[in-house]
Amino acid sequence: MATPAILAALAVVLLAGSAPAAVSPETVEGFPEIVGAATVRIGVETIRLHGIATAPLGSPVEIEARGWLHRRIAARRVYCHFDPTAEKQENARSGVCEIEGLDVSALLVEAGMAIDCPARSKGRYQVQQQRAEAAGFKMADRVPLPASCGSVPKKAAKKG
């Protein structure tokens, strides 16, 4: 006769097997074509870099960002991970792209080429944006925060 502990373990295994599996992110890898300041194409897949906002298309900062991306990642293997259930935005899928284990969005923000988009990133690139500003980039002037990104978090007021 089975002991209660064995029955409990068996129940856990059976329940785990019947639970719906979590959707795992898809990965695309290859040498990217730079399409925009925050958009790359790998094969037939167009990927919008996750969690950041860039300057308007054709602006000096956007052109500078495309050149920076081209120099930094175009000749390297890039791995982009995205949720297969995510909706396309701007005819591209949003993805976290990496080169040599480094997040490309974080690199762009720290280089002063993009800003954190809190509505999409949940503040993931806030530290990199602070580093860009500490390095002398006036990010509010370089890359205006789009309305779709939410508002800039306010600093806590000092209690006196």
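# Questions on a predicted model

User: Which handedness does the disulfide of Cys117 and Cys149 have, left-handed or right-handed?
Analyst: The torsion about the S-S bond of Cys117 and Cys149 is about -105°, a value that belongs to a model which is predicted. Because of that torsion, the disulfide between Cys117 and Cys149 is left-handed.

User: How many residues apart in sequence are the parts that Cys117 and Cys149 tie together?
Analyst: The disulfide joins Cys117 to Cys149, with the two sulfur atoms 2.1 Å apart. Cys117 sits in the loop between strand 9 (114-116) and helix 4 (118-121), whereas Cys149 belongs to the segment after helix 6, so the parts tied together by this pair are separated in sequence by 32 residues.

User: Does Cys149 count as buried or exposed?
Analyst: A residue counts as buried when its relative accessible area is under 20%. Its partner Cys117 has a relative accessible area of 0% and is buried. Cys149 has a relative accessibility of 1%, so Cys149 counts as buried.

User: Where in the structure does the disulfide of Cys80 and Cys97 lie, and how many residues apart are the parts it ties together?
Analyst: Cys80 and Cys97 are joined by a disulfide with an S to S distance of 2.1 Å. Since Cys80 lies in strand 6 and Cys97 lies in strand 7, the pair ties together two strands, and the parts it links are apart in sequence by 17 residues.

User: What is the handedness of the link of Cys80 and Cys97?
Analyst: Both ends of this link are buried, for Cys80 has 0% relative accessibility and Cys97 has a relative accessible area of 1%. The angle about the S-S bond of Cys80 and Cys97 is 110°, and the link is right-handed.

User: What is the pairing when the bonded cysteines of the protein chain are numbered in sequence order?
Analyst: The structure holds two disulfides, one joining Cys80 to Cys97 and one joining Cys117 to Cys149. With the bonded cysteines numbered along the sequence, the pairing is 1-2, 3-4.

User: What span should the 14 residues of helix 2 have, at 1.5 Å a residue?
Analyst: Helix 2 covers residues 60-73, and each residue is counted at 1.5 Å. The C-alpha atoms at its two ends are 20 Å apart, which agrees with the expected span of 20 Å.

User: How wide an arc do the buried residues of helix 2 cover around the axis?
Analyst: The buried residues of helix 2 are Val61, Glu62, Ala65, Trp68, Leu69 and Ile73. They lie on the same side of helix 2, because the arc they cover around the axis is only 120°.

User: Which exposed residues does the face of helix 2 turned away from its buried side carry?
Analyst: On the buried side, the residues of helix 2 pack against several elements, including strand 6 (78-82), strand 7 (93-99) and helix 3 (104-110). The face turned away from that side carries exposed residues, namely Pro60 and Arg71.

User: How many residues apart are Arg77 and Glu29?
Analyst: The side chains of Arg77 and Glu29 meet in a salt bridge, with 3.3 Å from N to O. Arg77 is in the loop between helix 2 and strand 6, while Glu29 is in strand 1 (residues 26-30), so that this pair links distant parts of the chain, at a separation of 48 residues.

User: Does Arg93 count as buried or exposed?
Analyst: Arg93 and Glu45 meet through their side chains in a salt bridge of 3.8 Å, N to O. Glu45 lies in strand 4 (residues 45-49) and Arg93 in strand 7, so the pair ties together parts 48 residues apart in sequence. Glu45, at 17% relative accessibility, counts as buried, and Arg93, at 12%, likewise counts as buried.

User: Which helices hold Glu110 and Arg131?
Analyst: The side chains of Glu110 and Arg131 meet in a salt bridge, 3.3 Å from N to O. The two residues are 21 residues apart and lie in helix 3 and helix 5 (residues 126-134).

User: What share of the residues of the protein chain count as buried?
Analyst: The protein chain has six helices and nine strands, and its accessible surface comes to about 9,900 Å². Of its 160 residues, the share that counts as buried is 39%.

Conventions
Residues numbered from 1 in each chain as written. Predicted model: local features only at pLDDT ≥ 70, side-chain atom pairs only at ≥ 80, totals over all residues. Heavy atoms only, no water. Helix = DSSP H or I, 4+ residues; strand = E, 2+ residues; numbered from the N terminus. Buried < 20%, exposed > 50% of the residue type's maximum accessible area, 1.4 Å probe, protein only. Areas by Shrake-Rupley, 256 points an atom, 1.4 Å probe, with all protein chains shown as cover. Expected span 1.5 Å × (residues − 1). Arc of directions from axis to C-beta. Contact = heavy atoms within 4.5 Å. Disulfide = S-S within 2.5 Å. Salt bridge = Lys/Arg side-chain N within 4 Å of Asp/Glu carboxyl O.
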